[in-house]
Amino acid sequence: MAQIKLHDQRKPLEWWKLIGRCTVSCISVLLSQLALSLVPRFFSASPLFIQLILSALVLLVVVGLGRCSKRLLGVSGSASAFVFFNILFVWAVYLAVLRPAVSCLMDIAFNGAITMLIIGLCSIMSSNPGLVTYGSSDEIVESSVAEFEAHNRILEPSASVLCHECPTEGSVLGRRVRYCRICKGYIKGFDHHCPAFGNCIVAAKSQMVDRTRLETSLSGNLAISTMLFSIFQLLWQAVFMTWHIYCICFNIRTDEWINWKKYPEFQDVVHSQPGQSFNEMRFKNPYDKGILQNVKEFLGF
């Protein structure tokens with residue numbers, strides 16, 4: 001079985017483009033946080049739930065206007081830099097406004113958590129998600145990047161397996177190698193490409209302050225708006241956490257669940273009945289071995 005090389009087509013971004021994107025992202029963070037600070041400024045008497053809803057609406061408006069402005073100016077930002085600067089902003093507000101009212105133990109815990117968050121983010125952004133450089137010529141057919149761009153698709157399969165047989169652990173299908181158009185490479189265990197981390201996400205086995213006093217000042221508005229922003233982030237992250245728990249329990253990847261019609265192993269063709277002119281295609285998951293077994297495999301048991 002011949003081996004072919006799957007070329008790594010990723011190219012490092014020029015330093016001036018990188019600085020430009022980071023600058024645009026930093027400005028976007030400052031404008032979005034400034035806009036959020038207007039919510040407690042003008043709706044300080046409203047309940048927290050109402051302020052949370054208003055904050056979500058403000059974020060949607062700011063993000064929409066930001067995208068339109070960047071298109072008009074012909075500039076682009078970086079989602080990962082946007083996340084990074086938001087973390088720094090939250091940390092700065094904590095140090096400048098909230099820290100004097102926090103106990104020493106909570107201060108150590110919060111600063112430690114932020115430090116580990118930044119280190120983890122940098123580690124994810126710079127790590128190799130599982131790039132596959134060699135594969136079997138009988139199982140992988142390399143597709144050019146131009147072909148994927150011609151179809152205007154974000155993620156494309158590697159055209160790895162065109163058979164309907166049950167996958168084995170050692171085969172390319174068993175490793176579930178997929179093509180990521182953003183990273184321009186074949187990724188083992190590919191789940192989806194996360195813009196916030198600037199890298200591919202893979203599925204692998206496991207190896208308080210006086211509010212009345214704060215509301216009257218800019219620092220108080222920043223403290224409350226930052227709290228609202230943090231709560232909003234926790235809410236949508238809880239949704240993503242729930243989704244990934246579902247993926248673990250049923251041994252399915254995000255890309256496979258969304259684009260299952262592109263992968264033959266997930267297709268169950270039901271032949272048409274007399275009088276029907278088409279065959280029905282249904283979803284099937286050849287990797288699902290039951291919730292308990294799927295969780296055990298994910299944990300490496």
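Over the ring of which residue does the charged end of Arg-41 sit? In this predicted model, the ring belongs to Phe-42, and the charged end of Arg-41 lies 5.5 Å from its centre. A second arrangement of this kind involves Arg-178, whose charged end sits over the ring of Tyr-263 at 3.9 Å from the ring centre.

Tyr-263 also leads into a group of aromatic side chains. Together with Trp-260, Phe-266, Phe-283 and Tyr-287, Tyr-263 forms one aromatic cluster. Across the model, the count comes to 10 aromatic pairs. One of these pairs joins Phe-266 and Tyr-287, with ring centres 5.6 Å apart and planes at 45°, so the pair is tilted; the tilted class covers angles that are neither under 30 degrees nor over 60. This pair links distant parts of the chain, as its two members are 21 residues apart. Phe-266 lies in the loop between helix 9 (254–258) and strand 9 (267–270), while Tyr-287 lies in the loop between strand 10 (280–283) and helix 10 (291–299). Both Phe-266 and Tyr-287 are buried.

Turning to the membrane annotation, an unreviewed UniProt entry assigns the label "transmembrane region" to residues 18–36, 48–65, 72–96, 108–126 and 222–246. Two of these spans can be described from the model. Residues 72–96 are 80% helix and 0% strand, and the end C-alpha atoms of this span lie 35 Å apart. Residues 108–126 are 100% helix and 0% strand, with end C-alpha atoms 27 Å apart.

Helix 4 runs over residues 104–126 and has 23 residues. From first C-alpha to last, helix 4 reaches 33 Å, close to the 33 Å expected at 1.5 Å a residue. Its buried residues are Asp-107, Asn-111, Ile-114, Ile-118 and Leu-121. In an α-helix there are 3.6 residues a turn, so residues three or four places apart point the same way. The buried residues of helix 4 pack against helix 3 (79–98).

Elsewhere, Thr-23 is found in helix 1, which covers residues 15–42. Thr-23 counts as partly exposed because its relative accessibility is 40%, which falls between the limits of 20% for buried and 50% for exposed. Thr-23 and Phe-82 are 59 residues apart in sequence, yet their C-alpha atoms are 9.6 Å apart in space.

The cysteines are quickly summarised, as the count comes to 0 disulfides. Cys-247 is in no disulfide, and the nearest cysteine sulfur, that of Cys-249, is 9.4 Å away. Why is the sulfur of Cys-249 not bonded to that of Cys-247? The distance of 9.4 Å is too far for a bond, and Cys-247 holds the closest cysteine sulfur to that of Cys-249; a disulfide would need the two sulfur atoms within 2.5 Å. Cys-247 is buried, with a relative accessible area of 6%, and Cys-249 is buried as well, at 18%.

A backbone feature worth a look is found at Asn-251, in the loop between helix 8 (218–250) and helix 9. Most residues other than glycine have a negative phi. Asn-251 is not a glycine, but has a positive phi of about 50°. With a relative accessibility of 16%, Asn-251 counts as buried, because that value is under the 20% limit.

Conventions: Residues are numbered from 1 along each chain as its sequence is written. This is a predicted model: local features need pLDDT of at least 70, side-chain atom pairs count only at pLDDT 80 or more; totals for chains, interfaces and linings use all residues. Side-chain values use heavy atoms; hydrogens and water are left out. UniProt positions are given in the numbering used here, feature names are shortened, and annotations may be inferred rather than shown by experiment. Helices (H or I, at least four residues) and strands (E, at least two) are DSSP runs, numbered from the N terminus. Rings of Phe, Tyr and Trp (its six-membered ring) pair if their centres lie within 6.5 Å; planes under 30 degrees apart count as stacked, over 60 as edge-to-face and the rest as tilted. Buried means under 20% relative accessible area, exposed over 50%, partly exposed in between (1.4 Å probe, protein chains only). A charge sits over a ring if NZ of Lys or CZ of Arg is within 6 Å of the ring centre and within 35 degrees of the ring normal. The expected span of a helix is 1.5 Å times one less than its number of residues. Contact means heavy atoms within 4.5 Å.
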